[in-house]
Number of protein chains: 2
Amino acid sequence: MTIAPADLRGSFSLPPGKALDICHQLEAAILQHRMQPGMKLAEDEVGELFGVSRTVARTALQALAHGGLVTIERNRGAFVSRPTIREAHEVFEARALIEPRIARMAARAMTPDHLKVLQGHVDAEHEVTAQGDMGMALAHSGAFHLSIADIADQAILTQILHTLVSRSSLIIALYWHRRDTGCESHSHHALLKAFSVRDENAAEEIMKSHMVDLHSGLDLRDRSESHRSLADVFAKP
Amino acid sequence: MTIAPADLRGSFSLPPGKALDICHQLEAAILQHRMQPGMKLAEDEVGELFGVSRTVARTALQALAHGGLVTIERNRGAFVSRPTIREAHEVFEARALIEPRIARMAARAMTPDHLKVLQGHVDAEHEVTAQGDMGMALAHSGAFHLSIADIADQAILTQILHTLVSRSSLIIALYWHRRDTGCESHSHHALLKAFSVRDENAAEEIMKSHMVDLHSGLDLRDRSESHRSLADVFAKP
DNA sequence: AATCTCCATTTCGTATACAATCTGTAGGCA
DNA sequence: TGCCTACAGATTGTATACGAAATGGAGATT
């Protein structure tokens, strides 16, 4: 494996260049859970790490902020986002709305070559899971979902889904609770099967229930330890 | 009327500051069709216009680029986006997927105060339409749709819809063909009526057909005059 | 000992300077 | 005349410098 396994390019509205590269590298690191939500991303640090000035680092961080992966606070800097429980629900509700439709369109457009790509993601996910690298497994799982959108050939929905999948990774880092292994692979296999016979209805239905599964695999109870903002804490009910 | 009628804030992931203000002003100008798709937005010009340096202007333009309103080409600069026919279809297909759901959720959450806000947008749209200011009318129409998302109280879908509505404005500038006035107001009134009795099913259905109407009001035939990229023109079939 | 104030440090916000790239035009050459 | 080349202008890409804001700690005060 050479570069990024979660090869999720195409969703940053930046012209090609150093800033875009940094975006991709930071995104991969976040998606693979090599950076925790809440972690500080100082401009100087990022710039030095990638051998560019603060100007370029800043551009990259702002681009990531637009995707929701990073949060920028004025005069305080950039941090890996910490999605709230509320956001977590909304992200998976949005995915539950969008992805079944995407699955249907992908099933319609599916070719043997497309199937091979999807199979590759599932295999890779299995492999790294066997090695215990859950971060990488999650990245491959995300790539699987995004490849489906690619196949559906709807650029705008793909771009939207890209941000949702990225955020999902943060949400899982914070709230994933189900400990049973192979959490998703069954659904992914079932999807592959539906795709292989181009069964649009099955693909849509399987994706829909897959989304419900994912959502219910989170522990989104309102543990008071979660750092709500001061304004939230003192908001009148 | 004081500031922006299309008061569509909240969708730029920038900390408050000058750059964000510039974003809002440029967005309003584009949404009201005071700037045509394809128009150049030079950094110097924008900076001078708003009394800031290129740095800040650049930040604003990049933020707009992430929303799809502006396209940045490396070493060439920023331009008001010119959505392709393909993108136009995709935008309205995405809206057709998302907005009926939003309408349903909004109907569930509707209160008398919310209704007043929506009624205000419709009234404002009528007023400026009567004055012949179609750009402003379009901006109010967009604000109506976004207010519905606000009422549905789904921040993520609202943000997604914001970008879609903005792009719709560009698409309409390029491709709107139906000349009959009152193009949308009937649908908007029907929606208001459904909302006023909190009829979720009706709201969803009306919104769905409203989306079909909008989509079909565009002339998306492949007129060869449209400036396709050279690569597209000479792509082998 | 606890608290307040002030200052030093760090980090970001903004402006400016210089380098790189592209575009258009004028001049030279076949 | 037609075409290629080279230069000049304009615009963006990147780096750096300086100012502003927030943080953290040392010292003074009660």
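Trainee: Into how many nonpolar, polar and charged residues does the surface near DNA strand D divide?
Mentor: This is a predicted model, where local features need pLDDT of at least 70, side-chain atom pairs need 80 or more, and totals for chains, interfaces and linings use all residues. Residues are numbered from 1 along each chain as written, chains are lettered from A and ligands numbered from 1 in written order, and side-chain values use heavy atoms, without hydrogens or water. Near means a heavy atom within 4 Å; Ala, Val, Leu, Ile, Met, Phe, Trp, Tyr, Cys and Pro are nonpolar, Asp, Glu, Lys and Arg charged, the others polar. The surface near DNA strand D divides into 3 nonpolar, 5 polar and 8 charged.

Trainee: Which residues are the closest to DNA strand D?
Mentor: 16 residues surround DNA strand D. Both protein chains are represented among the closest: A:Ser53, A:Thr55, B:Arg54, B:Arg58 and B:Asn75.

Trainee: What percentage of the atoms of DNA strand D within 4 Å of the protein belongs to sugar or phosphate?
Mentor: Some of these atoms belong to bases. The share in sugar or phosphate is 63%.

Trainee: Which side chain places an N or O atom 2.8 Å from a base nitrogen of DNA strand D?
Mentor: Set two backbone cases aside. B:Glu43 has a backbone N or O atom 3.5 Å from a phosphate oxygen of DNA strand D, and a polar backbone atom of B:Asn75 is 3.4 Å from a phosphate oxygen. The side chain at 2.8 Å from a base nitrogen is that of A:Thr55.

Trainee: Which element gives the most to the surface near DNA strand D?
Mentor: Helices are DSSP runs of H or I, at least four residues, numbered from the N terminus. The element in question gives 3 residues to the surface near DNA strand D. That element is α3(A).

Trainee: Now strand C. Which side chain places an N or O atom 2.6 Å from a phosphate oxygen of DNA strand C?
Mentor: 16 residues surround DNA strand C, and the closest are A:Arg54, A:Arg58, A:Gly77, B:Ser53 and B:Thr55. The side chain of B:Ser53 has an N or O atom 2.7 Å from a phosphate oxygen. A backbone N or O atom of A:Glu43 lies 3.4 Å from a phosphate oxygen. The side chain at 2.6 Å is that of A:Arg58.

Trainee: Which element gives the largest share of the surface near DNA strand C?
Mentor: Of the atoms of DNA strand C within 4 Å of the protein, 67% belong to sugar or phosphate. The surface near DNA strand C divides into 3 nonpolar, 5 polar and 8 charged residues. The largest share is 3 residues, from α3(B).

Trainee: Away from the DNA, how is α4(B) oriented to α7(B), oblique or roughly antiparallel?
Mentor: α4 (residues 85-109) and α7 (residues 155-175) of chain B pack at about 135 degrees, axes 9 Å apart. Angles under 35 degrees are roughly parallel, over 145 roughly antiparallel, 65 to 115 roughly perpendicular, the rest oblique. So α4(B) to α7(B) is oblique.

Trainee: How is α5(B) oriented to α8(B), oblique or roughly antiparallel?
Mentor: α5 (residues 112-130) and α8 (residues 185-196) of chain B pack at about 165 degrees, with axes 11 Å apart. So α5(B) to α8(B) is roughly antiparallel.

Terms used
A polar contact is a pair of N or O atoms within 3.5 Å; within protein, one must be able to donate a hydrogen and the other to accept it, and residues adjacent in sequence count only if both atoms are side-chain atoms. Helices (H or I, at least four residues) and strands (E, at least two) are DSSP runs, numbered from the N terminus. Axes are lines fitted to C-alpha atoms, for helices over the stretch in contact, and angles run from 0 to 180 degrees between N-to-C directions.
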